[in-house]
Amino acid sequence: MKKFVVVFLVLVFLLTACGGNKPSKNLRVDMLEFTFTPAEFVVPAGEEITITVANNGAVMHEFVIMKFGQTVGDDFGDEDETNIYWEIEVEPGKTVTATFTAPTDAGEYQVVCGTAGHFMAGMAGTLVVAAP
Ligand SMILES: [Cu+2]
């Protein structure tokens, strides 16, 4: 009986550990001053992704995915606009659902808030594109 309980707990642990890294075509993110929750997203390469973005904060927030290999410097600025892969801005108190096509290059993409000063305040995350 004791052995069974241990095996069961190990299984639960493994399932939980894997759960966070499974690619999903449906994402949800909550934005606040100055966080994304969750801050890491895993999507399958090249697929259409539906994302629900809720702004629970008091100011405008943006969910900006940078192009592969591109990162913003000290803060998001005009020079970063051309390096945007996809973005959506959401007014305070609003929730928006949108779709975008996941990049085809597998790897990690920087996610930032494009509102001035927010990246500096720590509003950043990671989009992981999983190979098909
Ligand atoms: Cu923000």
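Four donors count as tetrahedral if all angles lie between 85 and 135 degrees. That is the term I need for the copper site in this predicted model, where local features need pLDDT of at least 70, side-chain atom pairs count only at pLDDT 80 or more, and totals for chains, interfaces and linings use all residues. Residues are numbered from 1 along each chain as its sequence is written, and side-chain values use heavy atoms, with hydrogens and water left out.

The copper ion has four protein donors, meaning N, O or S atoms within 2.8 Å of the metal. These are His 61 (ND1), Cys 113 (SG), His 118 (ND1) and Met 123 (SD), at 2.0 to 2.6 Å. The angles among the donor atoms run from 93 to 134°, and the site is tetrahedral. Along the chain the spacing reads H-x51-C-x4-H-x4-M. His 61 sits in strand β5 (a strand being a DSSP run of E, at least two residues) and His 118 in the loop between β8 and β9, so the two tie together parts that are 57 residues apart in sequence.

Both histidines are buried, which means under 20% relative accessible area: His 61 is at 0% and His 118 at 6%.

Next, Asn 55. This residue lies in strand β4, residues 48–55, and is buried at 1%. Beyond four places in sequence, its contacts (heavy atoms within 4.5 Å) include His 61, Met 31 and Pro 92.

Finally, the largest nonpolar core, a set of buried Ala, Val, Leu, Ile, Met, Phe, Trp, Tyr and Cys residues joined through side-chain atoms within 4.5 Å, has 24 residues. Among those with the most contacts inside it are Val 53, Phe 63 and Trp 86. A second, separate core of seven residues includes Met 66 and Phe 119.

How values were computed. Donors are N, O and S atoms within 2.8 Å of the metal (3.2 Å for Na, K and Ca); water is not among the atoms, so sites may look incomplete. Four donors count as tetrahedral if all angles lie between 85 and 135 degrees; four count as square planar and six as octahedral if opposite donors are over 155 degrees apart and all others between 65 and 115; anything else is irregular. Helices (H or I, at least four residues) and strands (E, at least two) are DSSP runs, numbered from the N terminus. Buried means under 20% relative accessible area, exposed over 50%, partly exposed in between (1.4 Å probe, protein chains only).
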